[in-house]
Amino acid sequence: MNVAALQLIDGSVLEGGGQLLRNSVAFSALFSRPIAIHNIRHNRKPPGLRYQHTAGIQLVADISSAHVTGCETGSNSVNFSPGLIRTGRQYTADPKTAGSTTLLLQVALPCLLYSASPAPSRLILRGGTNATHAPQIDYTQHIFLPFLRRHFGLNPTLEVVKRGYYPKGGGEIRLTLSPIKGPLSPVLLTERGMVKSVCGKAYVAGLPRHLAEQMCSAAKSKLVSSGIDSTVIDITAVREKNQDVVGSGSGVVLWAETENGCILGGSSIGLKGKDPETVGQEAADELIRNLNHGGCVDEYLQDQIIIFLALAKGTSSIRTGPLTLHTRTAIYIAEQLTCAKFKVVEEDDVSQTTLLSCDGVGYIAPDATTVIPG
């Protein structure tokens with residue numbers, strides 16, 4: 001057990017939700033820094049930990065040999081005291097609900113990233129794969145992981161074994177990651193370039209295929225009306241096979257790639273009483289909004305990459321749209337728990353383009369002679 005003094009973190013600040021919790025626990029594990037988080041999800045209904053959060057905390061506790069107290073559903077405070085991170089193993093997490101597998105992935109992946117040993121680690125994560133208030137697994141596949149590969153040289157491989165939909169969950173994803181000794185290189189991404197393609201998927205599971213086709217058509221029409229050339233748009237309508245899913249659901253995930261290799265997304269989830277045309281239009285609207293801001297990453301990739309920028313060596317600079325509250329929360333936690341320093345320059349009042357810079361800590365895999373920065 002780590003006997004260093006606990007660092008106190010107020011879980012109600014800024015976004016005040018699960019992201020603050022996930023990033024805090026990941027940094028705690030990486031820097032072997034005990035933390036105590038209180039007022040967890042204070043302004044949410046209901047407040048406190050949900051099954052999704054307890055599963056994520058316990059997953060990182062397993063990875064980092066941590067001693068944890070307060071990790072129960074409904075708890076509003078958690079003490080997390082990490083030990084040795086163990087890579088090269090297989091870890092499993094399952095909230096037994098439709099809790100998001102991609103959010104479990106977010107908290108665990110940074111913790112398995114560094115090791116002096118080349119042995120890969122494997123995650124088996126169960127729950128929901130396409131849920132509201134979380135990245136859909138297709139977003140992770142086509143936007144988040146490609147960013148890690150292109151800009152950090154990482155090589156995660158992802159397999160979607162089974163898709164799981166609300167309220168049953170029951171999906172399963174598997175990720176394999178070979179670690180690095182570190183540090184990550186900084187990212188310079190300030191010129192987006194012209195859109196060269198827009199791809200996407202309109203899907204249904206346990207529902208008629210024509211609903212996917214309607215979502216697909218509505219998304220295409222909205223994109224074309226915004227000025228995107230119809231010849232560069234390729235959205236596929238898919239009805240998932242019954243044996244590949246648990247439950248029923250629908251949605252659209254879009255991703256636009258630019259000449260400079262930037263990938264930005266837009267998505268929407270189908271809900272009961274929501275017509276398929278609206279779902280398709282919402283996904284297109286979200287993508288259009290992110291393109292109109294002129295940034296090199298979309299509003300959801302913004303906050304997901306903060307932890308990696310903080311860990312990288314040197315100064316990263318990324319042009320974004322307006323910073324979201326999630327991104328500002330991720331920055332706040334990174335600066336609380338590491339020596340990383342961020343700078344935000346709002347460049348354009350109309351498009352709300354922002355230049356985000358970070359002086360990272362240059363984290364490397366710890367060994368017997370390593371002093372961990374931060």
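E286 sits in helix α6. The model is predicted, and this residue is a good place to enter it. Is E286 buried or exposed? With a relative accessible area of 11%, E286 is buried, because the cut-off for buried is under 20%. Leaving aside residues up to four places away in sequence, E286 touches G265, G266, S267, E299 and Y300.

Now step back to the whole helix. α6 covers residues 276-293, 18 residues in total. From first C-alpha to last, α6 reaches 26 Å, close to the 26 Å expected at 1.5 Å a residue. E286 is one of the buried residues of α6. The others are P276, V279, G280, A283, A284, L287, I288, N290, L291 and H293. An α-helix has 3.6 residues a turn, so residues three or four places apart point the same way.

What do the buried residues of α6 pack against? Two of the partners are helices, α5 (209-225) and α7 (299-304). The strands are β10 (195-205), β13 (249-258) and β14 (263-269).

The ends of α6 have their own details. At the N-terminal end, D275 acts as a cap. A side-chain oxygen of D275 lies 3.2 Å from the backbone nitrogen of E277. Just after α6 comes G294, with a positive phi of about 85°.

A UniProt record adds a label to this part of the chain. The unreviewed entry annotates residues 190-291 as "domain: RNA 3'-terminal phosphate cyclase insert". Over residues 190-291, the chain is 32% helix and 36% strand. The end C-alpha atoms of that stretch are 14 Å apart.

Move next to helix α1, residues 18-30. This helix has 13 residues and reaches 18 Å between its first and last C-alpha atoms. That is close to the 18 Å expected at 1.5 Å a residue. How many residues of α1 are buried? The count is 13 of the 13, so α1 is largely enclosed by the rest of the structure. S32 follows α1 and has a positive phi, near 50°.

The same unreviewed kind of annotation marks a single residue elsewhere: UniProt places the feature "active site" (unreviewed entry) at H326. H326 is found in helix α9, residues 325-337. At 34% relative accessibility, H326 counts as partly exposed. H326 touches E15, Q19 and D303, not counting residues up to four places away in sequence.

A loop residue comes next. A312 lies between α8 (306-311) and β15 (313-320). A312 is buried, with a relative accessible area of 0%. Which residues does A312 touch, not counting those up to four places away in sequence? They are L184, S185, P186, G360, V361 and G362. The C-alpha atoms of A312 and I364 are separated by 9.1 Å, although the two residues are 52 residues apart along the chain.

Finally, take in the whole protein. Its secondary structure comes to 9 helices and 17 strands. Among contacts between residues at least 6 apart in sequence, 72% join residues at least 24 apart. Buried residues make up 55% of the 374 residues. The protein exposes about 15,400 Å², and carbon and sulfur atoms supply 50% of that area. Along the principal axes, the C-alpha atoms fill a box of roughly 60 × 45 × 40 Å. The radius of gyration is 20 Å, which agrees with the value near 21 Å for a compact globule of 374 residues.

How values were computed
Residues are numbered from 1 along each chain as its sequence is written. This is a predicted model: local features need pLDDT of at least 70, side-chain atom pairs count only at pLDDT 80 or more; totals for chains, interfaces and linings use all residues. Side-chain values use heavy atoms; hydrogens and water are left out. Helices (H or I, at least four residues) and strands (E, at least two) are DSSP runs, numbered from the N terminus. The expected span of a helix is 1.5 Å times one less than its number of residues. Buried means under 20% relative accessible area, exposed over 50%, partly exposed in between (1.4 Å probe, protein chains only). Contact means heavy atoms within 4.5 Å. A polar contact is a pair of N or O atoms within 3.5 Å; within protein, one must be able to donate a hydrogen and the other to accept it, and residues adjacent in sequence count only if both atoms are side-chain atoms. UniProt positions are given in the numbering used here, feature names are shortened, and annotations may be inferred rather than shown by experiment. The radius of gyration is taken over C-alpha atoms; the globule rule is 2.2 Å times the number of residues to the power 0.38. Accessible areas come from the Shrake-Rupley method with a 1.4 Å probe; for residues, only the protein chains shown count as cover.
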